[in-house]
Amino acid sequence: MSKTIIPFGPQHPVLPEPIHLSLTLEDEIVVEALPALGYVHRGLEKLCEIRDINQMIQVVERVCGICSKIHAQCFCLGLEKMMNVEPPPRAEYLRVVWSELHRIHSHLLWLGLFADSFGFEALFYQLWKIRERVMDINEATAGNRVIISVNVLGGVRRDLSAEQVRWITSQLNMVEQELKDLQSTILDDYTIRSRTVGKGILTREKAYELGAVGPTLRGSGVAQDCRQLGSSALKHLEFQPVVEQDGDSFARNKVRFLETLQSISLVRQALKGLPKGEIKTKFKGSPEGEAVSRVEQPRGELFYYFKANGTKNLERLRIRTPTFANIPPLAAMLPGIELADVPVIVLSIDPCISCTER
Amino acid sequence: MFSKFLQKCRVKSPWVLHFDCGSCNGCDIETLAVLTPVYDVERFGIINMGNPKHADVLLVTGTVNHRNKKVLRNLYDQMPSPKAVIAIGACGLSGGVFREAFNVVGGVDKVIPVNVYVPGCPAKPEAIIDGVVRALELFQAGPEGV
């Protein structure tokens, strides 16, 4: 049988983002997948030379629109560590509220796109309808739907009133109820199971060895989550990583679904324990030295490295995003599967190309 | 007569091609949100297509960089005339927050002609619907409109 090479992307109906894969096929079976990147590269790490540290928050938020809040939080955590600034407790709790809201909207978005990738459009529409409630919360509390820009160095920009806290809780109760109504479809439906169970298997050893992160790693049975480090207010909240053992597309689907419910519970806990007080610490001076910071994004571990020389601008900023770490596991999952399953498996790592290429 | 019939169809049911041209995903997820139940543009007959050869309207989000400008040009050339291009978001208009970055060419209109500009970072779904409706007005004006 001769080999056929099929290009997948950069513009493809399943993927909203441009990534190119050269798929080498034998009959219907993929034998090799070579990713080609660079369609979204903007070079924003180098922008730190012309934008000062306060302006850079706006830039790093646009590394990826879907998890913008968490990028900004990682940036702020690193610089606060370098400058010995301690954000007030209320700001730490508010950061958790908004980052978990972002995780809920990102996971609902992904669950919808995943359903769409195997043609289950009704579920896609249902999940995106639920997601709009979370977007409404973002808009009502921060003034924008996607890029909410609530982080500043030393705290947060916006506060929540008691009335807003009650309203968010009631909205989240509805989100949780609507999600639980869909639970039997997402976890037991014949169509979903037949398209995902046993597809794109990543064993526990392989996942660890190739450095997978986030739900891709937890779907393979490794209980690693950067939220266990207890940054911000997470150390005061009850939290256990969600783990599944099978390592296939279905397990990753299940991890993300259960994490959505877990995030709702985290927001609820954070709103309940919200301490009173200031939302921002005032500070002076510029950062100097080196620092790293890590947080858990919806897609996995996010890592920032900073190097500063005492001026307003950073000398070097390095961002390692979760999809970058998940591409080698993806390339390992693809050989041996049928061409029709490629979109499902590519989506099962929740690729964010905009993050990867910056 | 046939061309009049075609023009009527085009206004009643435009098929849209969405291309992410180096955006941060903010505008892309808003463009997708436009297609889902809360905003639901399918009630206006707008359908999202994956194939440039079937599309009437090209929605472009994000900045143009040196690698994807060829892809963008290629997609535009594959679309049959008459066609309209809508640039979405601050990045698609001028490069936005990234305009000084080294790999950014600038707005979409540096590479292909743009008919409608939708501002915002990210553009709101309501604004995107408004942009598409404006593009339809161009179709209504006839072949010289676009």
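# Why we call it that: questions on a predicted two-chain model

Modeller: Let's start in chain A, where A:Glu278 sits in the loop between helix H9 (249-272) and S6. Keep in mind that this is a predicted model.

Biologist: Why is A:Glu278 called partly exposed?

Modeller: Count the C-beta neighbours: A:Glu278 has 14 of them inside 10 Å. Buried needs 20 or more and exposed needs 12 or fewer, so with 14 A:Glu278 falls in between and counts as partly exposed.

Biologist: Which residues does A:Glu278 touch, leaving out those up to four places away in sequence?

Modeller: A:Pro88 and A:Arg90. Take A:Pro88: 190 residues separate A:Glu278 from A:Pro88 in sequence, yet their C-alpha atoms are 6.2 Å apart.

Biologist: On to S6(A) and its sheet. What makes S6 and S8 of chain A edge strands?

Modeller: The sheet is open, with three strands in the order S6-S7-S8 (chain A) and antiparallel pairing. Strand S6 (288-297) and strand S8 (314-320) each have a single partner strand, so one side of each has no neighbour in the sheet. Ignoring direction, neighbouring strands here are turned by 10° against each other on average.

Biologist: How do you know that S7(A) and S8(A) pair?

Modeller: Pairing takes at least two bridges. Strand S7 (residues 300-309) and S8(A) are joined by six and run antiparallel, so they pass that test. Two of the bridge partnerships can be named: A:Lys307 goes with A:Arg316, and A:Tyr305 goes with A:Arg318. The two strands also form a hairpin with four residues between them, and A:Gly310 in the turn has a positive phi of about 85°.

Biologist: Which helices lie against that sheet?

Modeller: Helix H2 (residues 68-83) of chain A lies across S6 and S7, at about 145° to S6(A). Helix H10 (residues 322-333) of chain A packs on the sheet too, touching S6, S7 and S8, with its direction at about 130° to that of S7(A).

Biologist: And the sheet with S1(A)? Which strands are at its edges?

Modeller: That one is an open sheet of three strands as well, in the order S1-S2-S3 (chain A), paired antiparallel. Strand S1 (3-8) and strand S3 (29-36) are the edge strands, because each pairs on one side only. On average, neighbouring strands of this sheet are turned by 20° against each other, direction ignored.

Biologist: How do you know that S1(A) pairs with S2(A)?

Modeller: Set six bridges against the minimum of two. S1(A) and strand S2 (residues 20-26) clear it, and they run antiparallel. For a spot to look at, A:Ile6 stands opposite A:Leu23 in S2(A).

Biologist: Now chain B. What is its order of helices and strands along the sequence?

Modeller: The pattern reads α-β-α-β-β-β-α-β-α-β-β-α, which covers five helices and seven strands.

Biologist: What makes chain B agree with a compact globule?

Modeller: The rule for 146 residues gives a radius of gyration near 15 Å, and chain B has 15 Å, so the two agree. Its C-alpha atoms fill a box of roughly 50 × 35 × 25 Å along the principal axes. Of the 146 residues, 49% count as buried. Among contacts with a separation of 6 or more, 79% come from residues 24 or more positions apart.

Biologist: Why are H1(B) and H5(B) called roughly antiparallel?

Modeller: Helix H1 (residues 2-12) and helix H5 (residues 125-140) of chain B pack at about 175°, with their axes 9 Å apart. Roughly antiparallel means over 145 degrees, so this pair earns the name. On H1(B) the contact uses B:Gln7, B:Arg10 and B:Val11, and on H5(B) it uses B:Leu136, B:Phe139 and B:Gln140. By class, that is three nonpolar, two polar and one charged.

Biologist: Last one: how many residues of each chain are in contact across the interface?

Modeller: 32 residues of chain B are in contact with 34 residues of chain A. On the chain B side, strand S1 (15-20), helix H2 (26-35) and helix H3 (68-78) each supply at least two residues. H2(B) gives the largest share, six residues. Sorted by class, that side of chain B has 16 nonpolar, 10 polar and six charged residues.

Methods
Residues are numbered from 1 along each chain as its sequence is written. Chains are lettered from A and ligands numbered from 1 in the order in which they are written. This is a predicted model: local features need pLDDT of at least 70, side-chain atom pairs count only at pLDDT 80 or more; totals for chains, interfaces and linings use all residues. The radius of gyration is taken over C-alpha atoms; the globule rule is 2.2 Å times the number of residues to the power 0.38. Two residues are in contact if their C-beta atoms, placed from the backbone, lie within 7 Å. Axes are lines fitted to C-alpha atoms, for helices over the stretch in contact, and angles run from 0 to 180 degrees between N-to-C directions. Ala, Val, Leu, Ile, Met, Phe, Trp, Tyr, Cys and Pro count as nonpolar, Asp, Glu, Lys and Arg as charged, and the others, Gly among them, as polar. Angles under 35 degrees count as roughly parallel, over 145 as roughly antiparallel, 65 to 115 as roughly perpendicular and the rest as oblique.
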